[in-house]
Structures are given as C-alpha cells and as structure tokens.
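I opened the notebook to go through charges, contacts and backbone angles in turn. My entries follow the order in which I looked things up.

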Amino acid sequence: MATNRVKQIHSFGQSIWLDFINREIIKSGELKKLIDEDGVRGVTSNPAIFEKAITSSTDYDADIAELAKTTNDNEELFFGIAVKDIQNATDLFKGIYEESKGVDGYVSLEVSPFLALKEKETAEQAEKLWKAVDRKNVMIKIPGTKPGLGAIRSSIAKGININVTLLFGLPRYEEVAEAYIAGLEDHLAAGHSIGHITSVASFFLSRIDVLVDPMLDEKGAPELKGEVAIASAKKAYEIYKRIFSGPRWEKLAAQGAKPQRLLWASTSSKNPAFKDTKYVEALIGQDTVDTVPLETIEAFRDHGIVANTLEQGLDQATAILEKLKAVGIDIDKVTQQLEDEGVDKFNKPFEKLLQAIEDQKVKV
C-alpha cells in the first residue's frame, strides 16, 4: 500500500490538525479514521465552522431544546453545545496527547468574536471555557488583536493552553510570542510548574494573498502574486527561531517550557489559478503545525508533494517583502486591514449562529 502523503508530513516534524468539527464527523467515526489513517493530530474550530455545523444539520436540535429550559441567553446556549463537541473530540485525541507528551492532541475552542477588542472580558471568558471543557488537551482560542495580547499573557499565567488566532503581520506575531513568554514567566514566578502549558500562534496565509494580489497587478509586480503569504510565513519562522532561543528562553526551557509553535491557518487556496495544496506544500518544516480543511486534506492525500520546504528560499522571501515595499505596498497596513476584516468575518457567522439558535428555540 502506498504511504499516506498526509501522514508523511509528520516525518518532517510538522503536525497536521483538522480545521473542522461537527457532531457527525465524531459520531460516524470519520474523525477517528483521519487520526488513524492520515495521522491528523488535533482539531481547530471557529465561529464560522460551528455556525455551519449547527445550521446545516438537525444534530443539535435536541440539545438546544434541553439547554433552552435552563437559559435564555443564546451565547451561553451555544457554548453549552460547543463544549460537548469539544469534550468528545478531546477524548478522541487523548491518546495522541499522552503519546506526544502534551505536544499534540489538542482541540481548540474560540472565545466569542464579539470580545475581540476587549481584553478583560476575553480573559474572563477564556478561563470560563477552559473550566467548562475541563480537559488537559483543550486550547482556548484568543485573537491576536492589540487588546488580545494582555488576555493571552494573563491566560498563560493562569496555566491555560492558548491558540492565538487571526495573526497576519510579523510585528504582531512577535508581540504574541513575547506575551506567551511573559505569561510563562508570570506562572513560574507564582510558584507553579510550566511544563504542561502549550500554545500555538496561528498565522493566516491565503487571505494575505487574496488582498495583496490585486494590488500587485495595479503596481506592475504580477510576478509576486501568490508569493507574499508564504514569504511572510517563512519570515515568521525566522522570528520564531530567534525568540525561542537565547538566555531568556533557555531559563524557561530548563523548567520544561514548550515553545509556542507557529500554526499555519487559512491554508486552502482561495484562488482557483493556484494548486489546491499550494500553501500546505510550501511550509512543511520542523516544530510547526498546519491546520487544514477537510477538502485540502483529501487533495493532499491524492496529489500533495511532501518535502522539507519551510526553510528553503529564505533570501527569496526577504527579497519578496522588500520588493513589496519598493512598489509601494505597506504590508503592515495590509495586515491590520486583514485583522479588522478577520474579526468582522467571525462576528457575522456568530450573529447568524445565535439567530439560528433563537429560531430553533421558537420551534420548540
């Protein structure tokens, strides 16, 4: 039997996580199959994924009816449903969590996108969800907005596993890594051990190219189309290697601290002109995670090319970002716009989701 291409990625030190969750995939045994056959080592969810799961099936109707008896708050009701799915998924990944000594086997649940710009409320909800799921292998997702930074640090300082989401720009990524390290230092200073804390920083890819590529046409640099996101990710990995080395980090590592791995997100090709496995193929490398939608996993299983690509062409990556500046595209402005839009892109499905729960309650 031919070697499974998706599974092969792990031999280069990268973990593939599935960017999808619903009841059906857990109940039908499909998720278990992805773990066993494709070597999938974790799951990420977001408000848009849950909105799709809840509005496109009847799997959640009974739970909504049941929970509606005890609360009239649709957001509380949603998290009641979501926590159940996350617990069932974390139980499936328990073996991987244990075998990898807490490196993999995580399932991520996101705080309400309505809180993306509220530090205190984000931190409070992260702790509430962490306690509600009550599994060592859950990660709570906090967006890497400016106000999110304080919430990330204080959550890590409480010993909560955090998946930092919605990262587009290199300066912000560096601030996030800094918040993680500071949080570990806080936890240690409070007299706790830190070896059990895990975090990933989710760097979003294809959305960068979707926004930048039309600008490149206008600026007369079409040859850079489809290159900017990957170049940014390669530079992010350089930052990662610098931050998670040296005396400050070594002090924490000596206490068992795990580096906050970079996680590649938004890895499906949004442009039909690009190969559907483009973003996965370009960034395979040591100590990283790639969260991949189901159809991209299937595409990669069929025709993906597995190679150690992440640290290839680093000079070229630098040159691409310099050329961007030279033609007059301000990447920091672009990534700030993407962050703002990203918050909005999760708010809308969350509103839809809460409305769907409201409608469902009325039916009952």
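**Salt bridges and other contacts**

Arg301 has a relative accessible area of 34%, so I put it down as partly exposed. I kept in mind that I was working on a predicted model.

I looked for the partner of Arg301 next. Arg301 forms a salt bridge with Asp38, and their closest N and O atoms are 2.9 Å apart. The bridge ties together distant parts of the chain, as Arg301 sits in helix H15 (residues 294-303) and Asp38 in helix H3, 263 residues apart. Is Asp38 buried or exposed? I found it buried, with a relative accessible area of 2%. That value is under the 20% cut-off, so the label holds.

How many salt bridges are there by this rule? I noted a count of 30.

**Helix H8**

I moved on to helix H8, which covers residues 119-133. Lys120 and Glu124 both belong to this helix. They are four residues apart, about one turn of the helix. I found a salt bridge between Lys120 and Glu124, with the closest N and O atoms 3.1 Å apart. Lys120 has a relative accessible area of 58%, so I entered it as exposed. Glu124 comes to 42%, so I entered it as partly exposed.

Which residue does Glu127 meet in a salt bridge? I found Lys158, with an N to O distance of 3.3 Å. This pair also links distant parts of the chain. Lys158 is in the loop between helix H9 (146-157) and strand E5 (162-167), while Glu127 is in helix H8, 31 residues away. For Lys158 I wrote down 39% relative accessible area, which means partly exposed. Glu127 is at 24%, so it too counts as partly exposed.

I then found a network. Arg23, Asp63, Lys84 and Asp85 are joined into one by salt bridges that share partners.

**Negative patch**

Which residues gather in a patch of negative charge on the surface? I listed Glu24, Glu30, Glu295 and Glu298. I took Glu30 for a closer look. Glu30 lies in helix H3, which spans residues 30-38. Its relative accessibility is 34%, so I recorded it as partly exposed. A patch residue needs over 30% relative accessible area, so Glu30 passes on that count.

**Positive phi angles**

I checked the backbone for positive phi outside glycine. Asp134 is not a glycine, yet its phi is positive, at about 55°. I placed Asp134 in the loop between H8 and strand E4 (138-143). Its relative accessible area is 57%, so I call it exposed.

Ser266 is also on my list, with a positive phi of about 55° although it is not a glycine. Where is Ser266 found? I traced it to the loop between strand E7 (261-265) and helix H14 (278-282). Ser266 has 10% relative accessibility, so I count it as buried.

**Thr44**

My last entry is on Thr44. This residue lies in strand E2, residues 42-44. Its relative accessibility is 1%, so I recorded it as buried. What does the side chain of Thr44 make a polar contact with? I found the side chain of Thr291, at 2.6 Å.

Terms used
Residues are numbered from 1 along each chain as its sequence is written. This is a predicted model: local features need pLDDT of at least 70, side-chain atom pairs count only at pLDDT 80 or more; totals for chains, interfaces and linings use all residues. Side-chain values use heavy atoms; hydrogens and water are left out. Patches are made of residues with over 30% relative accessible area and no salt bridge: like charges are joined within 9 Å, nonpolar side chains (Val, Leu, Ile, Met, Phe, Trp, Tyr) within 5 Å. Accessible areas come from the Shrake-Rupley method with a 1.4 Å probe; for residues, only the protein chains shown count as cover. A salt bridge is a side-chain nitrogen of Lys or Arg within 4 Å of a carboxyl oxygen of Asp or Glu. Lys and Arg count as positive and Asp and Glu as negative; His and the chain ends are not counted. The place of a charge is taken as NZ of Lys, CZ of Arg, CG of Asp or CD of Glu. Helices (H or I, at least four residues) and strands (E, at least two) are DSSP runs, numbered from the N terminus. Buried means under 20% relative accessible area, exposed over 50%, partly exposed in between (1.4 Å probe, protein chains only). A polar contact is a pair of N or O atoms within 3.5 Å; within protein, one must be able to donate a hydrogen and the other to accept it, and residues adjacent in sequence count only if both atoms are side-chain atoms.
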